[in-house]
Amino acid sequence: MKKSNFKAWLYLLPAVLFLGFFMVYPLADVLVYSFEEGYNSASQTFMGVGTYNYRYVLHDPYFLQAVKNTFILVIITVPVSTGLALLISLGLNSIKKLKELYQTVYFLPYVTNTLAVGLVFMILFKKTAYTDGMVNLLINLFGGKSVDFIDGPYWAKMFVLCFYTVWVVLPFKILILTSALASVKQDYYNAAKIDGTSKWRMFTRITLPMISPMLFYLIITGFIGAFKAYSDAVALFGTNLNAAKMNTIVGYVYDMLYGDSGGYPSYASAAALILFAIVFTITVVNLMISKKQVHY
Amino acid sequence: MKVILQGLTKKFPSRNKKSKEEVVAVSDFSFEIPDGKLIGLLGPSGCGKSTMLNLICGLEKPTSGRILFGDDDVTDLPPEVRGVGLVFQNYALYPHLTVLQNILFPLQNLKGDKKMTKAEMLEKAEEVAKLVQISELMERKPSEMSGGQQQRVAIARALVKMPKILLLDEPLSNLDARLRLQTREELRRIQRETGITTVFVTHDQEEAMSISDMIVVMKKGVLNQLGKPQEVYDDPVNLFVAKFLGTPPINVFRGEVRGERLFIGGEDVLAVPGVGDRPVYAGIRPEGFILNDNGAFTCRLTAVEVMGRDTSVVSTHPSCEGVNIRSIISAENLVDASKEEVRFDLKPNKVFIFDTDTEERIRFGVNGRMGEDA
Ligand SMILES: Nc1ncnc2c1ncn2[C@@H]1O[C@H](COP(=O)(O)OP(=O)(O)OP(=O)(O)O)[C@@H](O)[C@H]1O
Ligand SMILES: [Mg+2]
């Protein structure tokens with residue numbers, strides 16, 4: 001080892017040790033747990049090595065429900081929130097008056113606590129003995145029938161969860177996109193204007209490619225964030241998510257570890273690794289698509 | 001296509017909330033650009049040159065005044081129907097598109113009976129690419145090209161839809177000296193070959209003088225002088241124009257006219273027939289000095305720089321407004337650099353005198369006539 005190399009490693013040592021202990025070791029451990037069959041956390045013993053944990057998890061209806069929920073959440077909220085954020089950013093970018101005010105208003109949810117927001121949503125949507133909730137009052141006003149969004153039908157609960165998720169992730173996306181849009185030089189638009197470019201073509205041929213790195217960043221992190229959703233569901237539907245049929249994959253992992261029926265680190269590890277595989281695949285696919293579509 | 005500007009004025013609202021004062025970027029600008037000529041629009045930074053171009057191409061609406069292309073009033077027309085090509089100060093090439101895609105961009109916008117097929121567009125793009133000599137670069141991205149190449153792509157993009165008028169906003173300012181020289185010749189060639197009426201903005205007087213058919217000198221939004229480059233150089237209307245044109249710049253002195261003679265620092269240096277007694281600014285072009293040991297004008301010698309053909313004599317004088325006086329004399333007249341003093345005679349047609357208040361030109365004898373004749 002060259003001397004300069006040695007020095008470099010010395011400087012890196014604290015970070016390497018820290019990451020090793022708190023990241024790499026647990027990750028490796030998860031992998032080990034997931035293949036140890038019949039692991040007993042009290043006696044720290046296991047019966048054999050194999051894929052039983054995976055087979056169990058993949059046949060567990062709660063897990064399948066969680067996967068379904070998570071996928072619905074991802075497929076709906078990522079495009080909707082990104083699209084909505086883009087629309088709002090375009091709007092913000094084109095107004096002059098009160099721009100700062102609107103930007104602040106749109107950013108507020110970002111600095112608000114998730115659980116507090118969840119409670120507010122619950123109050124808006126929940127049906128109790130005393131009131132049907134704000135949203136239902138509105139629905140009634142337009143002649144609709146009350147729906148119990150928190151304890152009612154599956155689609156209603158899913159709607160609230162998606163709505164809530166979009167609402168929570170929107171501010172950050174708007175923040176990123178407004179600055180991305182603002183960084184596109186006016187000259188490009190002026191050049192396009194002189195050449196008689198239509199508004200739509202300006203958007204698709206200039207604006208979109210120019211902000212594509214940021215857009216792509218938001219989509220990737222959006223996917224990953226949505227796959228890891230958990231606290232949002234808890235905030236809305238409480239801790240017994242399996243009963244509410246509103247569990248997510250991360251929620252399932254958590255329940256397997258610490259929930260009322262918990263204490264199964266092997267199942268939890270297997271589920272976590274399945275989640276990892278899903279997120280990894282999707283991110284790789286995203287990256288592959290982006291090679292063609294994103295202009296750095 | 002000839003372009004006529006009539007009393008063109010552009011005011012920008014003040015950003016400053018306290019004072020309501022507006023910024024007048026272009027003020028009552030009137031002149032006519034003859035068909036097929038190359039016009040150099042010249043002025044210091046912030047004098048309204050870019051604003052002027054934006055008005056002509058329609059990106060900005062004038063506060064008052066009219067713009068005519070040929071016989072058509074285009075003042076209220078949007079940019080896309082005016083048929084102008086604009087090359088931006090920083091080129092504004094779309095960075096995510098290749099050279100070819102950049103050049104095709106304006107063609108793909110064409111609608112109605114002007115709409116072209118793919119093959120026609122390609123043919124057209126290749127034609128202009130050849131004109132500006134970038135045919136081998138068609139598949140490159142702007143970031144993979146030199147400044148000069150980018151500039152040519154920008155010109156190609158502006159030319160491809162055959163605009164009636166081509167506007168260039170300081171297109172050479174990002175290039176190094178050598179490339180600048182080369183590209184400006186090329187610009188001239190392209191303009192000649194296409195015969196498109198061209199307005200070329202620059203704050204570099206040499207650039208404007210070297211390639212323009214006509215130059216327009218503006219200051220703080222006001223047209224100061226317009227004419228053939230050499231005419232404007234030989235016959236400036238005011239001190240600003242005199243100072244702005246020429247390298248090395250004109251030497252300016254505080255002087256006085258007494259009995260139709262010009263006095264600088266107490267020395268009687270030149271006859272100025274027809275000028276009344278008054279304090280004046282005297283501007284002397286570097287080539288207006290004649291070395292003469294018995295000359296009337298005495299300066300303190302600082303340095304002698306021999307530069308090939310010419311010798312540049314650097315000296316000082318207490319009445320000089322600048323730090324140094326630069327005079328260019330032919331190299332045969334060797335100057336002894338060890339001397340303390342150097343004496344000159346002055347060429348009357350290279351000396352201009354100006355009012356000290358208005359800085360307007362005061363014409364006299366020889367060079368008084370020239371302006372009227374021309
Ligand atoms: N959109 C605007 N709003 C307010 N003032 C403006 C605007 N555009 C230009 N100005 C002002 O108008 C004046 C002329 O600006 P312009 O850009 O035309 O100068 P220029 O001659 O092109 O300068 P440069 O050589 O630096 O490019 C400047 O004082 C500038 O501050
Ligand atoms: Mg400018």
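What follows is a chat between a trainee and a mentor about a predicted model with chains A and B.

Trainee: Let's start with chain B. What does its secondary structure come to?

Mentor: Chain B has nine helices and 21 strands. Its C-alpha atoms fill a box of roughly 75 × 45 × 45 Å along the principal axes. Of its 374 residues, 51% are buried. And among contacts between residues at least 6 apart in sequence, 65% join residues at least 24 apart.

Trainee: Why is B:Arg192 called exposed?

Mentor: The cut-off for exposed is over 50% relative accessible area. B:Arg192 comes out at 56%, so it counts as exposed. You'll find B:Arg192 in helix H5 of chain B, residues 177-194.

Trainee: How far is B:Arg192 from B:Leu38, in sequence and in space?

Mentor: They are 154 residues apart in sequence and 8.7 Å apart in space, going from C-alpha to C-alpha.

Trainee: Over to chain A. What makes A:Ser290 buried?

Mentor: Buried means under 20%. A:Ser290 has 7% relative accessibility, so buried is the right word. It belongs to helix H13 of chain A, residues 265-293.

Trainee: Which backbone oxygen lies 2.7 Å from a polar atom of the A:Ser290 side chain?

Mentor: That oxygen belongs to A:Leu287.

Trainee: Now salt bridges. What makes B:Arg66 and B:Asp73 a salt bridge?

Mentor: You need a side-chain nitrogen of Lys or Arg within 4 Å of a carboxyl oxygen of Asp or Glu. Here we have an Arg and an Asp, with N to O at 2.7 Å, so the pair fits the rule. B:Arg66 is partly exposed, with a relative accessible area of 33%, and B:Asp73 is partly exposed too, at 38%.

Trainee: What about B:Asp234 and B:Lys350: how do you know that they form a salt bridge?

Mentor: Apply the cut-off again: N to O is 3.7 Å, and the limit is 4 Å, so they make a salt bridge. This pair links distant parts of the chain, 116 residues apart. B:Asp234 sits in helix H7, residues 229-234, while B:Lys350 is in the loop between strand S19 (341-346) and strand S20 (351-355).

Trainee: Is B:Lys350 buried or exposed?

Mentor: Its relative accessible area is 14%, so B:Lys350 is buried. B:Asp234 has 22% and therefore counts as partly exposed, since that class runs between 20% and 50%.

Trainee: Which residue forms a salt bridge with B:Glu256?

Mentor: B:Arg258 does, and the closest N and O atoms are 3.7 Å apart. B:Glu256 is partly exposed at 35%, and B:Arg258 is partly exposed at 40%. Back at B:Arg66, salt bridges that share partners join B:Arg66, B:Asp73 and B:Asp76 into one network.

Trainee: How many salt bridges does the rule give over all chains?

Mentor: The count comes to 23. Between chain A and chain B there is one.

Trainee: Which side chains meet in that one, and what makes it a salt bridge?

Mentor: B:Lys161 and A:Asp195 meet, at 3.0 Å from N to O. A Lys nitrogen within 4 Å of an Asp carboxyl oxygen is what the rule asks for, so the label holds.

Trainee: How many residues of each chain are in contact?

Mentor: 17 residues of chain A touch 21 residues of chain B. The area buried between the chains is about 1,800 Å², with carbon and sulfur atoms giving 58% of it. In chain A, A:Ile194, A:Asp195 and A:Arg205 lose the most area to chain B, together 37% of what that side buries.

Trainee: How many residue pairs are in polar contact between the chains?

Mentor: There are 10 such pairs. On chain A's side, helix H8 (186-194) and helix H9 (199-227) each give two or more residues. H8 of chain A supplies the largest share, seven residues.

Trainee: Last one: which residues touch the most other members of the largest nonpolar core?

Mentor: B:Leu5 and B:Phe29, in a core of 55 residues. Apart from that core lies another of 36 residues, among them B:Met145, B:Ala158, B:Leu168 and B:Ile190. In soluble globular proteins, nonpolar side chains tend to be buried together.

Conventions:
Residues numbered from 1 in each chain as written. Chains lettered and ligands numbered in written order. Predicted model: local features only at pLDDT ≥ 70, side-chain atom pairs only at ≥ 80, totals over all residues. Heavy atoms only, no water. Contact = heavy atoms within 4.5 Å. Buried area = accessible area lost by both parts, 1.4 Å probe. Polar contact = N/O pair within 3.5 Å; in protein donor to acceptor, adjacent residues only side chain to side chain. Helix = DSSP H or I, 4+ residues; strand = E, 2+ residues; numbered from the N terminus. Core = buried A, V, L, I, M, F, W, Y, C linked by side-chain atoms within 4.5 Å. Buried < 20%, exposed > 50% of the residue type's maximum accessible area, 1.4 Å probe, protein only.
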